[in-house]
Structure formats: C-alpha cells, structure tokens
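Here is a briefing on one protein chain. It covers the overall make-up, the nonpolar cores, the ring contacts and two individual residues.

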Amino acid sequence: PADEDPYLGITLNRAHSDYDPGVRVNVIRHTTADEMGLKDGDVIMSINGYTMIDWVDITGALNMLQAGDEITIGWERVGESYTETGTLKSEANRRRPYAVTGSRSFSGNDYAFLGITSTEISRDKAEKLGFDNPYGSYVTNTLGNSAAEAAGLQPFDYVYGVDEYRTGRDQSLTDILKKYDVGETATLHYIRQGELEKQDVTFTDRTVAERTSRPQCANPFLGVQQSHQYRPDEGV
C-alpha cells in the first residue's frame, strides 16, 4: 500500500538552483531526514553513494529502497560536509506528537481545525500578488481560541500548505486538514506581504473556537464604493 512506501521527509527548497551542485531541500518534522539531522536549506550531495544533481535523482534513489532499509545521506550546510546513516521509515510510521487511534470519518467535523475564514483568489489575482500557487486560502479573519490565532495568522496571509502537502487543483486546504486529527502538531506554510513564512501549529477542535460578532452599525465605514470605470491594473 502507498502508506508503506519509503518516506524520507524532504521537499525541494525554493532556493534550489539547477546550476549549483546537489539538491537544496526543506525538511519535514518527525521524519527520517529530520531524525538524521538534516535542516531546512541543507544541500543533499549523495544518497547511498549516488551523486544527487536534481529532484529526479532523489526520486530515483528512493525508488531503489523500501521502508526499513538503511539509507546513507551526504549533505552540505554552510560549507561544512556531513554524512549520516539511518533507517528509512514509511509514511505510515511517520512519527507525530499526537497518537492517532481508530478511524476517522472525513464527512464529520472530527478532523483538524485551523480557525480561519478565507476566500479563494483568481489566477490573475494570484499572479498580481506574486503567488506561484493560485490554489491557496486568502485569510479574511481568524477565530478566537484557535490554532490560527495561536500562530498569529492575520488577514491577507495566504495559506498554501501544511507540512509536505500543498494546495492544488485537486487538493484544497480543507482536503489537507482532513489528513490530520485534533491535537496534532504540524508546520503551516503561508505568505505574508511577499515573504514565505512557516509556523508550527497545534490543531484545535472547532467546537471551542470563539466567533465574535458586532452589530452592523458598529462596523467601520470608509465612505467609498467601486467605480464603474474600475481598471484592474491601477489599484481599486
């Protein structure tokens, strides 16, 4: 089964360049790579003696292995070279700080709750904002007593991933959250004012979230409305 496939626990770092030797990676928490001591920004130079040039090489090296096999990784970090040997885990054996028991019904509300209200954005708007991934969630508000509030999320943050999972055409943020249980800790990936950010969050139960409301007469009022001569390339 897929969850028994070998799982190293790395993703390609945005700073990776095909012109540089090795493969620059990010490391997912509680995985083989994490336990072996790799960190975000490390450059993997070799796996089991094979030279790594690009992500295709990483995939090829892992396809030669099974969960439970030994794996030796050579990597560089700020000019220093490291080599470590570990036991390759599977996705099913990935260690998480929250123990999952029993089965979960994805049609219910017992999966992880982040605690944001958000909106989808068009591909055109994503391009104008500099987002490579147009399938994320654009935060409009955070709920009190939620994982989002604890992580400091705020309106205009753009959430596009959790751990190694990324939003896409066939996978929304909600779909990703359904992979997690209440109480699990994961790394949230988002963009704030053009900067890539990440923050550890512990997912809460939606029943404890605090939704605040105020009468309409108390809403702030700027005093503008959209013009019929709106030009999308010149602001609003």
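Helices and strands here are DSSP runs, with at least four residues for a helix and at least two for a strand, numbered from the N terminus. On that basis the protein chain holds 5 helices and 14 strands. The model is predicted.

**Overall make-up**
- The protein chain has 236 residues, and buried residues make up 36% of them.
- Its accessible surface comes to about 14,400 Å². Carbon and sulfur atoms account for 46% of that surface.
- Take the contacts between residues at least 6 apart in sequence: 55% of them join residues at least 24 apart.

**Nonpolar cores**
- In soluble globular proteins, nonpolar side chains tend to be buried together.
- The largest nonpolar core in this model has 21 residues. Leu114, Leu153, Val162, Tyr180, Leu188 and Phe203 touch the most other members.
- Two helices and two strands each give two or more residues to this core: helix 4 (147-151), helix 5 (173-177), strand 11 (158-162) and strand 13 (185-192).
- Another core, of 19 residues, lies apart from it. Its members include Leu8, Ile47, Ile71 and Trp75.

**Aromatic pairs**
- The count of aromatic pairs comes to 7.
- Phe131 and Tyr138 form an edge-to-face pair. Their centres are 6.3 Å apart, with 65 degrees between the planes. Both residues are buried.
- Tyr180 and Phe203 form a tilted pair, 5.5 Å centre to centre and 55 degrees between the planes.
- Tyr180 lies in the loop between helix 5 and strand 13, and Phe203 in the segment after strand 14 (195-202), so this pair ties together parts 23 residues apart in sequence.
- Tyr180 has 0% relative accessibility and so counts as buried. Phe203 has 2% and so counts as buried too.
- Phe131 and Tyr138 also belong to a cluster linked by ring pairs, together with Phe156 and Tyr158.

**Charges over rings**
- The charged end of Arg77 sits over the ring of Tyr82, 4.9 Å from the ring centre.
- The charged end of Lys179 sits over the ring of Tyr165, again 4.9 Å from the ring centre.

**Thr167: a buried loop residue**
- Thr167 lies in the loop between strand 12 (165-166) and helix 5.
- Buried means under 20% relative accessible area. Thr167 is at 5% relative accessibility, so it counts as buried.
- The side chain of Thr167 reaches the backbone oxygen of Tyr135 at 3.4 Å.
- Leaving out residues up to four places away in sequence, Thr167 touches Asn133, Tyr135, Gly136, Tyr160, Ser172, Leu173 and Ile176. Tyr135 thus appears both as a polar partner and among the touching residues.

**Pro6: a partly exposed strand residue**
- Pro6 is in strand 1 (residues 6-7).
- The partly exposed class runs between the buried limit of 20% and the exposed limit of 50%. Pro6 is at 25% relative accessibility, so it counts as partly exposed.
- Pro6 touches Leu62, Leu65, Gln66, Ala67, Leu88 and Lys89, with residues up to four places away in sequence not counted.
- Pro6 and Thr87 are 81 residues apart in sequence. In space they are 10.0 Å apart, C-alpha to C-alpha.

Note on methods
Residues numbered from 1 in each chain as written. Predicted model: local features only at pLDDT ≥ 70, side-chain atom pairs only at ≥ 80, totals over all residues. Heavy atoms only, no water. Core = buried A, V, L, I, M, F, W, Y, C linked by side-chain atoms within 4.5 Å. Buried < 20%, exposed > 50% of the residue type's maximum accessible area, 1.4 Å probe, protein only. Phe/Tyr/Trp six-rings, centres within 6.5 Å; stacked < 30°, edge-to-face > 60°. Lys NZ or Arg CZ within 6 Å of the ring centre and 35° of its normal. Polar contact = N/O pair within 3.5 Å; in protein donor to acceptor, adjacent residues only side chain to side chain. Contact = heavy atoms within 4.5 Å. Areas by Shrake-Rupley, 256 points an atom, 1.4 Å probe, with all protein chains shown as cover.
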